[in-house]
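Let's take a walk through this protein together, from the overall fold down to single residues. Have the structure open and turn it as you read.

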Amino acid sequence: MLRIAQVLNHNAALVNIDDHREAIVKGKGVAFNKRKGDPVAADRIEKILYLNTATAQENLDLLLKDIPIDIVTTTYEIIDMARNKYHVRVLDYIYITLSDHIFGAYKRVQSGTYQKSMVPDLSQHYPDEYSVSWDALNIIRRNLRVSFPDTEVRSLALHFINASGDETSDKETEFGKTTTEMVNNIVLQVLNQHGIYRSTANSNYYDRFMIHLQYLVERIKRLETDQAQLAPEVEADYQRMYPQSYAIGLEIFQQIKQELFAGISDNERLYFIIHIQRLLGEEPQKNFKE
């Protein structure tokens, strides 16, 4: 019998599966008037989202501090769908980046400031990630009752493209920590040279960029496999749209390539540019047409 570890709201709760695993259960009234340790009525459970790794469980605690529970559980449902329906392999940091993105987009829709995604259409190069993202968009619309346009699929897909991969062993992760510190030093030095610092206004984007860097070493290791490369025209579009972000992202990429990883993927250059554009809030050039 499942017992409640933490009530999330009337319709969702964290439950213990066994000594090492937890799960989120969702269903109308599944946690209504419940407390920690109470059993969960099986007939009220509509969906179970398993947290199969320690990182997934830790991320849940982190997210619940500043992101609404409905958005967090929607994100976990999307990632569960991606892994089980499409067998997409993603690193666990996507729980944080995707939750943050959905929350930000949701707030912009609610405030009337939402603008359609400027991410180029990469569906021909990443059909699986786009299939996942179409399903994700439908889940978001259903759960959050928000009217995201179809172009939002491009932004959602980019998160799955960015986070593709498998989690590493503890030994590999320990190696990655040391190397990540060197990467962080390079990035922070370049950011500081351009007057880019963490602030209240950019803290979410800044922190997400740092999370991206934590997994950079693992992505570099996967260069030994047949990793799909982003189409050259995608980066060319970003260079025309966001010239300042492009220049800073390129500087970061070149320094990491020269000082640490000569074989770093060109994909990372685009990811740096995207993160810098968010930090700067650089608007697309007026002479650029999609």
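Among contacts in the protein chain between residues at least 6 apart in sequence, 71% link residues that lie at least 24 apart. Keep in mind that what you are looking at is a predicted model. Its chain has 290 residues, and buried residues account for 50% of them. The secondary structure amounts to 11 helices and four strands.

A good place to begin is the N-terminal end, with the strands. Strand β1 covers residues 3–9 and pairs with β2 in the antiparallel sense, over five bridges. Together β1 and β2 make a hairpin, with two residues between them. To follow the pairing by eye, find Arg-3, which stands opposite Asn-16 in β2, and then Gln-6, which stands opposite Leu-14 in β2. Strand β2, residues 12–16, is mostly covered, as four of its five residues are buried. On top of its pairing with β1, β2 is joined by five bridges to strand β3 (residues 22–26), again in an antiparallel arrangement. Here you can use Ala-13 as a marker, since it stands opposite Val-25 in β3. While you look at the strands, a general point may help: in a regular strand, side chains alternate between the two faces of the sheet.

Now move to the interior. The largest nonpolar core holds 61 residues, and the ones that touch the most other members are Tyr-76, Ile-78, Phe-160 and Tyr-238. Helix α2, residues 69–85, provides the largest share of this core, with eight residues. A second, separate core has 20 residues, among them Val-183, Val-187, Leu-191 and Phe-209.

Tyr-238 deserves a closer look. Not counting residues up to four places away in sequence, Tyr-238 touches Val-119, Pro-120, Pro-243, Leu-270, Ile-273 and Ile-274.

Helix α9 (residues 232–241) also contains Glu-235. Is Glu-235 buried or exposed? Its relative accessible area is 14%, so it counts as buried, the cut-off being under 20%. Which residues does Glu-235 contact, leaving aside its neighbours within four places in sequence? They are Tyr-246, Arg-269, Leu-270 and Ile-273. Take the last of these: Glu-235 and Ile-273 are 38 residues apart in sequence, while their C-alpha atoms are 8.9 Å apart in space.

Finally, let's look for open space. Rolling a probe the size of a water molecule over the atoms shows where empty space is left. The largest pocket has a volume of about 990 Å³. It is lined by 37 residues, and those closest to its centre are His-101, Arg-108, Tyr-205, Gln-277 and Arg-278. Which helix gives the largest share of the lining? That is α3, with eight residues. Helices α3 (94–111), α5 (152–162), α7 (203–214) and α11 (266–280) each supply at least two residues of this lining. Sorted by class, the lining of the largest pocket consists of 14 nonpolar, 14 polar and nine charged residues.

Note on methods: Residues are numbered from 1 along each chain as its sequence is written. This is a predicted model: local features need pLDDT of at least 70, side-chain atom pairs count only at pLDDT 80 or more; totals for chains, interfaces and linings use all residues. Side-chain values use heavy atoms; hydrogens and water are left out. Buried means under 20% relative accessible area, exposed over 50%, partly exposed in between (1.4 Å probe, protein chains only). Two strands pair if DSSP finds at least two bridges between them. A nonpolar core is a set of buried Ala, Val, Leu, Ile, Met, Phe, Trp, Tyr and Cys residues joined through side-chain atoms within 4.5 Å. Contact means heavy atoms within 4.5 Å. On a 1 Å grid over the protein atoms alone, a cavity is a set of points where a 1.4 Å probe fits but cannot get out, and a pocket is an open set with protein on both sides within 12 Å along at least five of seven lines; lining residues have an atom within 4 Å of a point. Grid points are joined across faces, edges and corners, and a volume is the space filled by probe spheres set on the points. Ala, Val, Leu, Ile, Met, Phe, Trp, Tyr, Cys and Pro count as nonpolar, Asp, Glu, Lys and Arg as charged, and the others, Gly among them, as polar.
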